[in-house]
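Q: I am new to this protein and would like a short tour. Could you take me through it?

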Amino acid sequence: MKLSDLMKATDNFSKNNIIGMGRTGTLYKALLPDGCSLMVKRLQDSQRLEKEFVSEMNTLGNVKHGNLVPLMGFCMAKKERLLVYKYMENGTLYDQLHDTEPEARSMDWPLRLKIAIGAAKGLAWLHHSCNPRIIHRNISSKCILLDKDFEPKLSDFGLARLMNPIDTHLSTFVNGEFGDLGYVAPEYPRTLVATPKGDVYSFGVVLLELITGETPTHVASAPESFKGSLVEWITDLSTTSLVQNAIDKSLLGKGFDNELTQFLKVACNCVSPTAKQRPTMFEVYQLLRAIGERYHFTTDDDILMPTDTSDANFPDELIVAQETIQVH
């Protein structure tokens with residue numbers, strides 16, 4: 001796509017058109033002359049050569065699933081690297097959950113559960129059924145976008161490798177960083193190697209956000225003296241058997257309490273400090289799907305059937321994401 005067209009559609013990358021900002025770049029709303037809305041991601045530091053960039057884009061453009069944001073086009077001009085996606089009307093899950101105006105938060109439990117199941121399905125597909133398989137490496141509620149029906153779509157999958165100037169065994173993270181604060185698996189700073197179980201940990205934090213309504217780094221419901229993260233708060237409550245106290249009060253007493261308890265258990269298993277004790281994403285998807293069975297969010301004919309539900313093809317000590325999205 002032409003840079004001039006995208007600049008016009010975003011009003012020269014106007015601040016007024018910014019939808020979100022992340023470590024991989026800034027996301028803008030773009031309005032085309034025919035009235036169609038798109039999202040344009042302006043990558044902040046891609047040092048890929050043109051041939052490599054086109055190769056990566058062709059790979060990501062072929063990765064299609066109902067719970068992934070479709071890549072519709074891309075642009076290269078001088079130092080600019082732009083990705084063009086379908087527009088998502090309800091923005092990010094982070095904004096929906098943590099809007100500064102409390103009255104703007106109107107997410108009931110069935111909607112939160114629907115979002116969790118759909119996002120889990122997309123990530124499980126990337127891990128188990130996508131060819132080539134992809135480790136996301138930057139899962140957070142900011143990369144889960146919501147369409148007009150609040151169907152969740154994962155964005156930024158495959159971008160981690162794209163953003164790295166040199167892919168070696170020890171450079172599997174964007175610009176040397178491990179992910180957004182509060183979402184990083186505890187083993188990452190030690191091993192410097194991305195794994196599916198690292199994604200599971202980050203996704204577990206998203207599940208905790210959904211059920212507690214708290215942000216990953218600041219817990220408003222905790223005592224003032226508590227300065228830790230959401231996971232640390234949950235861990236503290238677990239040791240004193242008070243973990244039920246973490247559930248968002250607006251969700252309780254409305255006929256969902258049993259589902260809330262089961263959901264919280266899944267989230268806690270995902271954020272286990274030991275990677276091997278965490279479930280696979282396929283298991284997470286199936287567990288959440290079972291919790292939401294009565295809502296019929298998924299149908300029998302769209303059950304995710306992975307080619308392999310284990311992490312056997314993803315040996316922890318060997319996983320580097322360049323192997324998962326290499327173009328041959």
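A: The following exchange covers confidence, aromatic rings and the nonpolar cores. Please note that this is a predicted model.

Q: What is the average pLDDT of the protein?
A: The average pLDDT is 83, and 81% of the residues score at least 70.

Q: Over which residues is the pLDDT below 50?
A: Residues 164-171 are one such stretch, and the model gives this stretch 21 contacts beyond near neighbours in sequence. Residues 315-328 also stay under 50, with 37 contacts beyond four places in sequence. Where pLDDT is low, the predicted coordinates should not be read in detail.

Q: Turning to the rings, how many aromatic pairs are found?
A: A search of the whole structure gives three aromatic pairs. One of them joins Trp109 and Phe263, whose ring centres lie 4.9 Å apart with 85° between the planes, an edge-to-face arrangement.

Q: Where in the chain do Trp109 and Phe263 lie?
A: Trp109 belongs to helix α4 (residues 109-128) and Phe263 to helix α9 (residues 257-270). The pair therefore links distant parts of the chain, 154 residues apart.

Q: Are they buried or exposed?
A: Trp109 has a relative accessible area of 1% and is buried. Phe263 is buried too, at 0%.

Q: Why does the pair of Tyr295 and Phe297 count as stacked?
A: Their planes meet at 10°, and planes under 30 degrees apart count as stacked. The ring centres of Tyr295 and Phe297 are 5.2 Å apart. Phe297 itself is partly exposed, with a relative accessible area of 29%.

Q: Which charged residues sit over a ring?
A: Arg42 lies over the face of Phe13, 4.1 Å from the ring centre. In addition, the charged end of Lys142 is placed over the ring of Tyr94, at 4.9 Å from its centre.

Q: On to the interior: how many residues are in the largest nonpolar core?
A: That core has 78 residues. Those touching the most other members include Leu126, Phe203, Trp233 and Phe263. Helix α4 supplies the largest share of this core, twelve residues. At least three residues come from each of domain 1 (3-86) and domain 2 (91-294).

Q: What does Phe203 touch?
A: Leaving aside residues up to four places away in sequence, Phe203 touches Ala116, Ala119, Ala120, Leu123, Ile139, Met281, Val284 and Leu288.

Q: And what does the second core include?
A: The second core is separate and has ten residues, among them Phe13, Tyr28, Ala30 and Cys75. Phe13 is also the residue whose ring has Arg42 over its face.

Notes: Residues are numbered from 1 along each chain as its sequence is written. This is a predicted model: local features need pLDDT of at least 70, side-chain atom pairs count only at pLDDT 80 or more; totals for chains, interfaces and linings use all residues. Side-chain values use heavy atoms; hydrogens and water are left out. Rings of Phe, Tyr and Trp (its six-membered ring) pair if their centres lie within 6.5 Å; planes under 30 degrees apart count as stacked, over 60 as edge-to-face and the rest as tilted. Helices (H or I, at least four residues) and strands (E, at least two) are DSSP runs, numbered from the N terminus. Buried means under 20% relative accessible area, exposed over 50%, partly exposed in between (1.4 Å probe, protein chains only). A charge sits over a ring if NZ of Lys or CZ of Arg is within 6 Å of the ring centre and within 35 degrees of the ring normal. A nonpolar core is a set of buried Ala, Val, Leu, Ile, Met, Phe, Trp, Tyr and Cys residues joined through side-chain atoms within 4.5 Å. Domain bounds come from an automatic or database domain assignment. Contact means heavy atoms within 4.5 Å. pLDDT is the predictor's confidence in each residue, from 0 to 100.
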